[in-house]
Amino acid sequence: MALDTGTEALARLAEERVDHRFKGLPPDADGLTVAELTGQRRNLFTGGFTTPVLALSAERLEHNLRLMETYATRHGLAFAPHGKTSMAPQLFQRQIEHGAWGITLAVPHQVRVARAFGFRRIFLANELVDAAALRWISAELDADPDFRFVCYVDSVHGVGLMDAALTEAGASRPVDVVVELAAGEGARTGVRTEAECAAVADAVAGARTLRLAGVAGYEGEVPGADPEKVHAWLRRLVALAVDFDKAGRFTAAGLDEIVLSAGGSAWFDAVADVFAQVPGLSLPVLKLLRSGAYVSHDDGHYRELTPFNRVPEEGALEPAFRLWSQVVSRPSPEQAFTNAGKRDAAYDLHLPFAQVVRRDGAERPATGVEVTGLSDQHAWLRTTGDADLEVGDWVGTGLSHPCTSFDKWQLIPVAQADGTVVDYIRTFF
């Protein structure tokens, strides 16, 4: 797939017509293209947007992109942010423009989205054993010599399934794979022991259609994770790469670097610490960090666990989401309801956090207001005597868990601090 095809595909997003598919957008914008609506620079609060509406902060989004670019560069890390967070090719492109090596994804559909928009370096953080998907990957590799694709392997049987499917597809380019080391007994995916890792690597060596490119894993699954345990597991991962290299496992034809990859959004400081100590190997090492939630950050889960809490001198991410809904019922002094619910807000980790109230163009802190529950299309608010809240007020809430916030919205306004909407982000879930 030619790069200009991807550029053109991104440009075509601006040609899409605004209509009933996109909740929260101004009804009188129906029929406009996204580019035309963007050009109007409407205000989120006075430009006809309807509640509920999710918005991204233009300034905070840019801040987060720059911060992680700086962090990765400072620590000598390549960066393939996990695209499952946003599934937004426009944000993928901005991440690439801010120095990302490529994009990490989780399932074949997500890879298809990225390829449709021309992205040429993709790390699939899963073992891929679906024959139909492997046929498609093989065709993509054969058609585009600049396409770099890497995925996990975590079983001998899985290697066999991959090789059989790719052989049947007539693959001419091998698929690069990395052995996934599990984060511990009872953790998620991955090979449990180093001996089993060696057996999987042997199976890859015997497969004509696969090429062993490195080792990888996810430290966020370390049982009872704390700095000591996470560092210990990361050292195991590095030691596995060293042992594989000493055993001559990275000698496949054409391999010019060894992939060493880890890094979610909770422990990337530990990844930076341990990867800085990787000894010299027979080939250069691509130290690939995969954190993804940083792009929007959040007001709950990731605010609590971000590594920047441990290393504040490195900077701080800023929550970029705010969900606006409107008070539609105030049945008692202790209770109110807005018109945003489970269809609009992430709720798998924390309920939304009431932050501000807008009335007649003025914004103030949401003092005495707490979200206590969500129905499908209502937020339940508990209010104290300090709460000044009326039917018709707009309530701005912070969200927890970016991955389950993005997936509820197909077209997300990007607003400046004064409310001016300067862009719209299209998602593909």
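In the predicted model, Val178 has Gly214 of strand 7 as its bridge partner. Strand 6 covers residues 175-180, and strand 7 covers residues 210-216. The two strands run parallel and are joined by 6 bridges. Helix 9 (residues 227-246) packs on the sheet. Helix 9 touches strand 6, strand 7 and strand 8 (258-262). The direction of helix 9 makes about 165° with that of strand 8. Angles over 145 degrees count as roughly antiparallel, so helix 9 is roughly antiparallel to strand 8.

The sheet itself is open and contains 8 strands. Their order is 2-9-8-7-6-5-4-3, with parallel pairing. Strand 2 (78-79) and strand 3 (103-105) stand at the edges. Each has a single partner strand, so one side of each is left without a neighbour in the sheet. Strands of a sheet pair through backbone hydrogen bonds, either parallel or antiparallel.

Helix 10 spans residues 268-275. Of its 8 residues, 7 are buried, so helix 10 is largely enclosed by the rest of the structure. Burial here means under 20% relative accessible area. The buried residues are Phe268, Asp269, Ala270, Val271, Ala272, Val274 and Phe275. These residues of helix 10 pack against two helices and two strands: helix 3, helix 9, strand 8 and strand 9 (285-289). Helix 9 and strand 8 thus recur here, as they also touch one another.

Helix 3 (residues 58-74) also packs with helix 4 (residues 89-97). Their axes lie 9 Å apart, at an angle of about 40°. Helix 3 is therefore oblique to helix 4. The crossing of the two helices is right-handed. On the helix 3 side, the contact is made by Leu61, Glu62, Leu65 and Glu69. Helix 4 contributes Leu91, Arg94, Gln95 and Glu97. By class, this contact has 4 charged, 3 nonpolar and 1 polar residues.

An antiparallel pairing is found between strand 17 (residues 411-415) and strand 18 (residues 421-426). These strands are joined by 5 bridges. Val414 has Asp423 of strand 18 as its bridge partner. Strand 17 and strand 18 form a hairpin, with 5 residues between them. Gly419 lies in the turn and has a positive phi of about 95°.

Technical notes
Residues are numbered from 1 along each chain as its sequence is written. This is a predicted model: local features need pLDDT of at least 70, side-chain atom pairs count only at pLDDT 80 or more; totals for chains, interfaces and linings use all residues. Side-chain values use heavy atoms; hydrogens and water are left out. Axes are lines fitted to C-alpha atoms, for helices over the stretch in contact, and angles run from 0 to 180 degrees between N-to-C directions. Helices (H or I, at least four residues) and strands (E, at least two) are DSSP runs, numbered from the N terminus. Angles under 35 degrees count as roughly parallel, over 145 as roughly antiparallel, 65 to 115 as roughly perpendicular and the rest as oblique. A crossing is left-handed if the near helix is turned anticlockwise from the far one by less than a right angle, and right-handed if clockwise. Contact means heavy atoms within 4.5 Å. Ala, Val, Leu, Ile, Met, Phe, Trp, Tyr, Cys and Pro count as nonpolar, Asp, Glu, Lys and Arg as charged, and the others, Gly among them, as polar. Two strands pair if DSSP finds at least two bridges between them. Buried means under 20% relative accessible area, exposed over 50%, partly exposed in between (1.4 Å probe, protein chains only).
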